[in-house]
Amino acid sequence: MTELRVDIPHIPHLHDALESLPDELRSRWAKTYEAAFREAHAAHLAAIDDRNERSGPEPEGSPHAIALAAANKLLVVPDPKSLKEALAMPGWQLVKRTETDRIHLPGHLKRRVEAANKYLHVVTIDGKEHVFPIAA
């Protein structure tokens with residue numbers, strides 16, 4: 001049997017992120033993709049063999065789709081729970097991190113925040129908005 005050659009796709013481009021992905025994360029993404037692809041490919045072949053012997057179900061998902069989902073889990077952005085967490089988030093996870101006053105907050109966010117003079121408004125790469133009051 002020949003060695004399986006895995007073509008690793010380009011990592012998703014994070015449009016408008018404040019910083020590019022660190023090289024270490026790019027490397028982990030590629031390694032995760034390759035390992036998951038190899039595992040899914042082997043499971044796919046085993047399922048095909050089983051199906052041929054027993055008329056079983058089709059294998060779930062393509063190896064590429066399974067590997068892409070596994071690698072992209074590394075890019076999931078946790079929701080910040082506090083001002084401190086929002087300030088500590090790496091730039092590749094954010095498209096916006098600005099200090100603002102209440103009048104300049106988007107209307108849908110004004111209703112969700114406690115009264116303060118200044119706020120930190122962050123928008124993550126997955127489009128979620130978070131606002132935290134900044135103590136005077």
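## Exercises on a three-stranded sheet and two nonpolar cores

Strand S2 is largely enclosed by the rest of the structure, because six of its seven residues are buried, where buried means under 20% relative accessible area with a 1.4 Å probe and protein chains only. The model is predicted, so local features need a pLDDT of at least 70 and side-chain atom pairs count only at pLDDT 80 or more, while totals for chains, interfaces and linings use all residues. Residues are numbered from 1 along each chain as its sequence is written, and side-chain values use heavy atoms, with hydrogens and water left out.

**Exercise 1.** Determine the order of the strands in the sheet and the sense of their pairing.

*Solution.* Begin with the terms: strands are DSSP runs (E, at least two residues) and helices are runs of H or I with at least four residues, numbered from the N terminus, and two strands pair if DSSP finds at least two bridges between them. The three strands form an open sheet in the order S1-S2-S3 with antiparallel pairing. Next, strand S1 (94–101) and strand S3 (129–134) each have a single partner strand and stand at the edges, so one side of each lacks a neighbour in the sheet.

**Exercise 2.** Work out the register of strand S2 (residues 118–124) against S1, and then against S3.

*Solution.* On one side, seven bridges join S2 to S1; arginine 97 stands opposite valine 122, and threonine 98 opposite histidine 121. On the other side, six bridges link S2 and S3, with valine 123 opposite glutamate 129. Finally, follow the chain from S2 to S3: the two form a hairpin with four residues between them, and glycine 127 in the turn has a positive phi of about 85 degrees.

**Exercise 3.** Identify which residues touch the most other members of the largest nonpolar core, and which elements contribute to this core.

*Solution.* A nonpolar core is a set of buried Ala, Val, Leu, Ile, Met, Phe, Trp, Tyr and Cys residues joined through side-chain atoms within 4.5 Å. Of the 14 residues in the largest one, Leu21, Trp29, Tyr33, Leu75 and Trp92 touch the most other members. Helix H1 (23–54) and helix H2 (63–72) are the elements that give two or more residues, and H1 gives the most, with five. A second, separate core of seven residues includes Val77, Leu94, Leu120 and Phe132.

Technical notes: Buried means under 20% relative accessible area, exposed over 50%, partly exposed in between (1.4 Å probe, protein chains only).
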